[in-house]
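Me: Please take a close look at the largest pocket. Describe its lining, then the parts around it, and say how far the model can be trusted.

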Amino acid sequence: MAEQKVRWGILATGGIAAAFTADLVDLPDAEVVAVASRRQESADAFAERFGIPRAYGDWTSLAEDGDIDVVYVATPHSAHREAAGLCLEAGRHVLCEKAFTLNAREAAELVALAKARGSFLMEAMWMYCNPLVRRLKALVDDGAIGEVRHVQADFGLAGPFPPSHRLRDPAQGGGALLDLGVYPVSFAQLLLGEPSDVTARATLSAEGVDLQTGALLSWDGGALASLHCSIVGGTATAASITGSAGRIDVPGGFFFPERFVLHRDGRDPEEFTADPADGPRNTLRHEAAEVMRALRAGETESPLVPLEGTLAVMRTLDAIRDRVGVRYPGEETAGEAPELTPA
């Protein structure tokens, strides 16, 4: 694969699929060869928009297209298990949007399937691939602020979203947590790993999804994380990491930061800013580049977005939903959320 472009298929034609494809077509070592939707007209329009040679009106045809190296799954997360599983069964490598699946059970099934097929699988957690987030993590790992004591992060949208919107639809995994809360949870676990305990409260809609959720995660070593997500109020999308010897503040857009400030005891604050050469803040090219690097190296998962980390986040999301009483159609009854297994 090192001698040729990596050939991509795009499964779904919504907004995130368009944003990813727009970044993908600008990468010289990537080629988008096919797109699929459940509606042929949608696939045709998407293909015309981005100059994609093949458009399929069903997912199976894309999965079975032998000219595709890797499929980007961009459906709502309620369909990730079906769509990603179809592609893995057909021998395709997969990059799957977050939240990775509806629950940890579905996530474990996809991981097991990928390992059985020897296929690459990665959650599209673009935050983990962002160069400035990687710099922040390296500083924390190197002890720049001492031992991490507390992580704070929030992500909320003002809305309002009508009951007909997918964010209010239980059948589509609606609510703030899986769409937005996955970012604060993933940010905390990037720095601290899987928590040992979870406490949460939520405001639920008439449909039974969470309109806003607050979670307190704790670790055996004494660290805490205070996290919030909402679809009824716009938040600062800020984050802060407090350690025994300092603090890092990300003033806004913590999952695609423009800058962050390192405060170390006894020193002047240090500001770290994004390199303009890395592209615009909202670029998805870094996760695409990581997928292609891994494929060329013959890896079946990315060290930046490891599968065990994805499973751990899904277990935490399950635990939060269990605490607040959100269940999606077809899931087990409350009280059957998987046990957390802290690293």
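Reply: The largest pocket has a volume of about 790 Å³. A pocket here is an open set of points on a 1 Å grid over the protein atoms alone, with protein on both sides within 12 Å along at least five of seven lines. Grid points are joined across faces, edges and corners, and a volume is the space filled by probe spheres set on the points. The model is predicted, so local features need pLDDT of at least 70 and side-chain atom pairs count only at pLDDT 80 or more, while totals for chains, interfaces and linings use all residues. Residues are numbered from 1 along each chain as its sequence is written, and side-chain values use heavy atoms, with hydrogens and water left out.

The lining of the largest pocket comprises 31 residues (those with an atom within 4 Å of a point), and I16, E97, K98, R166 and D179 lie nearest its centre. Three elements each give two or more residues to this lining: α1 (15–24), α4 (80–89) and α8. Helices are DSSP runs of H or I with at least four residues, strands are runs of E with at least two, and both are numbered from the N terminus. The most, four residues, comes from α8. By class the lining holds 17 nonpolar, eight polar and six charged residues. Ala, Val, Leu, Ile, Met, Phe, Trp, Tyr, Cys and Pro count as nonpolar, Asp, Glu, Lys and Arg as charged, and the others, Gly among them, as polar.

Of the contributing helices, α4 has H80, A83, A84, G85, C87 and L88 buried, where buried means under 20% relative accessible area, exposed over 50% and partly exposed in between, with a 1.4 Å probe and protein chains only. These buried residues pack against β1 (6–11), α3 (59–63), β4 (70–73), β5 (93–96), α5 (104–117) and β6 (121–123). After α4 comes G91, with a positive phi near 95°.

Helix α8 also borders an enclosed space. A cavity is a set of grid points where a 1.4 Å probe fits but cannot get out, and one cavity of 30 Å³ or more is found. The largest cavity has a volume of about 50 Å³ and is lined by L177, G181, P184, V185, T213, A215, L227, H228, C229 and I320. Two or more of these residues come from each of α8 (176–192), β9 (210–218) and β10 (224–230), and α8 supplies the largest share, four. Seven lining residues are nonpolar, three are polar and none is charged.

L177 of that cavity lining is also touched by R321, which further contacts L102, N103, V326, R327, Y328 and E331, residues up to four places away in sequence not being counted. Contact means heavy atoms within 4.5 Å. R321 lies in helix α10 (residues 307–324) and is buried, at 3% relative accessibility.

A search for disulfides (cysteine sulfur atoms within 2.5 Å) finds zero in the whole structure. C229 is in none, and the nearest cysteine sulfur, that of C96, is 20 Å away. C229 is buried, with a relative accessible area of 2%.

As for confidence, the mean pLDDT (the predictor's confidence in each residue, from 0 to 100) of the protein chain is 95, and 96% of its residues reach 70 or more. Over residues 333–338 the pLDDT is below 50, and this stretch has 13 contacts in the model beyond near neighbours in sequence. Where pLDDT is low, predicted coordinates should not be read in detail.
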